[in-house]
There are 2 protein chains.
Amino acid sequence: MSLYSETPSAALLPSGFSDLLPGEAEAEARGIACVMEAFSRHGYERVRPPMLEFETSLLNGSGGALSTQTFRLMDPSSHRMMALRPDMTTQIARIASVRLQDAPRPLRLSYSGSCIVIGTPGREADRQVSQAGIELIGPDSAQADAEVVALGARALEELGIKGVSFDLSMPALALGLIETAIPEADREDLIQALNRKDAASVAELGGSIADTLAVMLQAAGPASRALDLLASLDFPASVRPHFERLVASVAAIRERAPSLRLTVDPVDFRGWQYHTGLCITVFSTTSREELGRGGRYIAGQEPACGLTLRPQALLRAAPVPPSRPRCYVPVRLEDEAMAALHAQGFATVSALEVDAEPDAEARHLRCTHVWRNGAAHAL
Amino acid sequence: MSLYSETPSAALLPSGFSDLLPGEAEAEARGIACVMEAFSRHGYERVRPPMLEFETSLLNGSGGALSTQTFRLMDPSSHRMMALRPDMTTQIARIASVRLQDAPRPLRLSYSGSCIVIGTPGREADRQVSQAGIELIGPDSAQADAEVVALGARALEELGIKGVSFDLSMPALALGLIETAIPEADREDLIQALNRKDAASVAELGGSIADTLAVMLQAAGPASRALDLLASLDFPASVRPHFERLVASVAAIRERAPSLRLTVDPVDFRGWQYHTGLCITVFSTTSREELGRGGRYIAGQEPACGLTLRPQALLRAAPVPPSRPRCYVPVRLEDEAMAALHAQGFATVSALEVDAEPDAEARHLRCTHVWRNGAAHAL
């Protein structure tokens with residue numbers, strides 16, 4: 001019986017899962033290698049957690065926020081439920097707080113791998129999501145926030161992605177402000193109005209902080225203008241430290257990456273489920289997709305800040321790397337000649353028998369060059 | 001709530017799944033990159049199938065041999081069963097015969113990724129298995145067999161693995177011989193005896209081919225001695241081509257890789273579930289584990305030969321690559337100085353505040369060097 005004998009029409013993949021073909025798969029691998037190399041050069045050491053864990057471990061703590069997006073499997077060995085990882089940050093937090101609890105802090109870790117999410121039936125989106133990221137565990141400071149953002153920006157620059165923008169938010173600022181002034185029963189409606197950027201409803205529901213929230217709504221945009229507008233506001237003492245930290249983090253990022261495009265949205269708190277401080281979303285003018293996201297959270301008992309890039313989105317935003325030129329060579333070319341071609345950057349494609357017409361066969365195999373008289377000749 | 005808040009004792013992973021920590025994860029990634037680079041230089045183009053597919057697609061044809069080792073999941077989107085891949089060869093066969101059906105042949109594909117197997121409860125073994133491999137699709141020739149073996153040997157050499165041995169077998173030879181001479185009802189007992197290398201039972205059950213099988217049992221060992229012994233046998237015409245092909249493949253491998261250690265076991269047919277010709281197992285004298293396996297099979301309608309290496313086993317057999325020296329640098333070191341350190345091969349580890357005692361902090365962070373007076377100094 002042959003391996004794979006179905007008809008093409010039966011060979012469909014589940015929605016959200018795809019093959020990467022030659023070219024695409026190579027570009028993805030090179031993109032991941034490029035960002036992982038940038039992380040490694042800056043002292044972030046790679047860890048590799050498994051594709052699945054016991055459900056109790058993977059979805060514990062705030063990892064539970066991803067529970068509805070997680071595939072589960074019965075482990076026939078332990079009779080316990082396992083879960084396919086929908087995200088790697090919980091795993092890195094586990095490694096930091098258990099396996100590497102005695103490693104010195106700050107602890108800098110990097111990772112790459114695939115995650116699987118259930119997705120929303122009927123909505124087309126990737127359900128196998130590549131991630132490549134960093135976590136800086138231990139310090140809670142504007143300099144730590146800035147290192148993570150600046151290194152993310154550096155990695156994207158090395159991939160050749162243009163027009164990168166880091167969009168910052170600080171959900172604790174607006175949420176804390178609402179808690180000081182709005183009765184608990186009324187908060188959810190106000191938060192929904194802020195999420196919709198619905199200024200009329202915010203004015204109506206905002207009570208004593210309606211004017212402050214109106215300015216915060218208007219402030220969303222380039223970081224320097226946003227921070228100037230926010231500086232005019234008189235935040236209560238309980239939330240003022242969040243504003244000051246945002247100012248300090250932006251200043252520290254600017255010192256490290258003066259030309260990086262930064263925006264601030266002081267009333268963005270959508271999708272930040274376990275984050276406790278600065279939140280980061282990465283975009284590029286060359287793509288409408290989110291290229292990555294991250295921010296500050298608590299890993300076990302420790303402050304941490306991380307950033308996860310999405311290689312699939314990076315590839316759609318990055319220039320396509322040139323592929324290796326291919327040289328068709330005779331069966332049994334000497335090792336030295338082959339090594340010389342490889343050193344010149346060629347991929348060699350070997351004949352498997354003696355060819356009457358090597359040029360024709362070379363073209364047939366999409367080669368750019370053919371070996372003749374001791375050298376590669378362009379076709 | 002924090003990300004990951006369980007106690008360490010609850011943080012156990014399911015048996016067969018593990019974390020790779022700094023050093024190990026880097027070594028695995030470098031090992032995979034090294035073999036994939038060797039494959040790419042020889043014209044094998046990378047494809048990347050998804051982690052899971054519909055069960056009907058992943059386990060169709062002879063992929064079904066892996067059915068009992070495969071985790072299944074319900075797809076809430078299509079309400080069809082999906083399966084986590086236990087192996088990638090079926091996926092590459094699908095890509096070759098459907099997605100790349102119009103690509104020119106010979107088609108050379110490479111791949112790397114993780115596979116998940118159910119394993120045997122109570123038996124400790126990896127259940128998440130990394131694979132990195134090649135498939136040569138289209139030609140059915142000794143030269144094609146030899147290209148796959150020689151390229152696998154080259155990749156292992158580049159990884160620095162010593163004492164590599166390629167163990168070859170040709171199950172169709174002994175099976176075909178048995179079919180010519182032994183009644184169907186008696187074949188299974190004889191095959192079991194051959195699997196056990198039980199010469200007494202083979203003599204008893206072997207009927208008219210008992211003497212031939214005795215020589216084949218004795219022949220297992222270094223390829224040249226094995227082929228000499230087999231050459232003395234008078235194989236029936238129906239199986240003689242298998243022997244001749246084995247001789248031709250060994251000769252073609254020797255031409256390409258004269259110093260490669262080759263063995264032949266003419267009565268090995270354990271674990272070859274979809275293979276139709278030459279079968280290959282890779283070992284090294286530095287490790288007792290199988291480093292890889294492969295062989296000839298039918299992909300869709302086409303002849304194919306492949307080899308899958310197991311990066312986890314390779315790492316246990318390969319010398320540990322030296323890790324990057326780490327240089328502790330002050331907060332906000334100029335970009336040029338940082339780039340110069342990276343160009344010298346250093347990973348930089350940045351201070352996040354001004355240090356009173358940078359040498360102590362550098363040692364604490366396992367750095368080998370510290371930046372002082374404009375240069376890296378060894379600690």
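The legends below walk through several close-up views of a predicted model.

Local features are described at pLDDT of at least 70 and side-chain atom pairs at pLDDT 80 or more, while totals for chains, interfaces and linings use all residues. Residues are numbered from 1 along each chain as its sequence is written, chains are lettered from A in the order in which they are written, and side-chain values use heavy atoms, with hydrogens and water left out.

**View 1. Chain A as a whole.**
Chain A holds 13 helices and 16 strands, where helices (H or I, at least four residues) and strands (E, at least two) are DSSP runs numbered from the N terminus. Its C-alpha atoms fill a box of roughly 90 × 55 × 45 Å along the principal axes. Of the 379 residues, 57% are buried; here buried means under 20% relative accessible area, exposed over 50%, and partly exposed in between (1.4 Å probe, protein chains only). Among contacts (heavy atoms within 4.5 Å) between residues at least 6 apart in sequence, 62% join residues at least 24 apart. As one example of separation, A:Glu244 and A:Cys34 are 210 residues apart in sequence and 35 Å apart in space, C-alpha to C-alpha. A:Glu244 belongs to helix H10 (residues 240-256) and is partly exposed, with a relative accessible area of 44%.

**View 2. The axis between chains A and B.**
A turn of 180° with a shift of 0.0 Å along the axis lays chain A on chain B with an RMSD of 0.1 Å; the copies are superposed by least squares on the C-alpha atoms of residues with pLDDT of at least 70 in both. That is the relation of a two-fold axis. Look for A:Leu73 here: in chain A, its C-alpha is the nearest to the axis, at 3.6 Å. Of the interface residues of chain A, 100% are also interface residues in chain B, so the copies meet through the same surface.

**View 3. Helix H3 of chain A and its surroundings.**
In helix H3 (residues 89-99), 10 of the 11 residues are buried, so this helix is largely enclosed by the rest of the structure. The buried set includes A:Thr89, A:Gln91, A:Ile92, A:Arg94 and A:Val98. Around them, the packing partners are strand E2 (52-54), helix H2 (55-58), strand E5 (107-116), strand E6 (128-137), strand E11 (287-299) and strand E12 (302-309).

**View 4. The cis peptide bond before Pro106.**
Following on from helix H3, A:Pro106 sits in the loop between H3 and E5 of chain A. The peptide bond from A:Arg105 to A:Pro106 is cis, with omega near 0°. In chain B, the bond from B:Arg105 to B:Pro106 is also cis, with omega near 0°.

**View 5. Lys197 and its positive phi.**
A:Lys197 has a positive phi of about 55° although it is not a glycine. This lysine is in the loop between helix H6 (184-195) and helix H7 (199-205) of chain A, and is partly exposed at a relative accessible area of 35%. Turn to chain B and you will find B:Lys197 with phi near 55°.

**View 6. Cysteines without a disulfide.**
With a disulfide taken as a pair of cysteine sulfur atoms within 2.5 Å, the count comes to 0 over all chains. For A:Cys305, the nearest cysteine sulfur is that of A:Cys279, 9.1 Å away. A:Cys305 is buried, at 0% relative accessibility. For B:Cys115, the nearest is the sulfur of A:Cys115, 17 Å away. B:Cys115 is likewise buried, at 0% relative accessibility.
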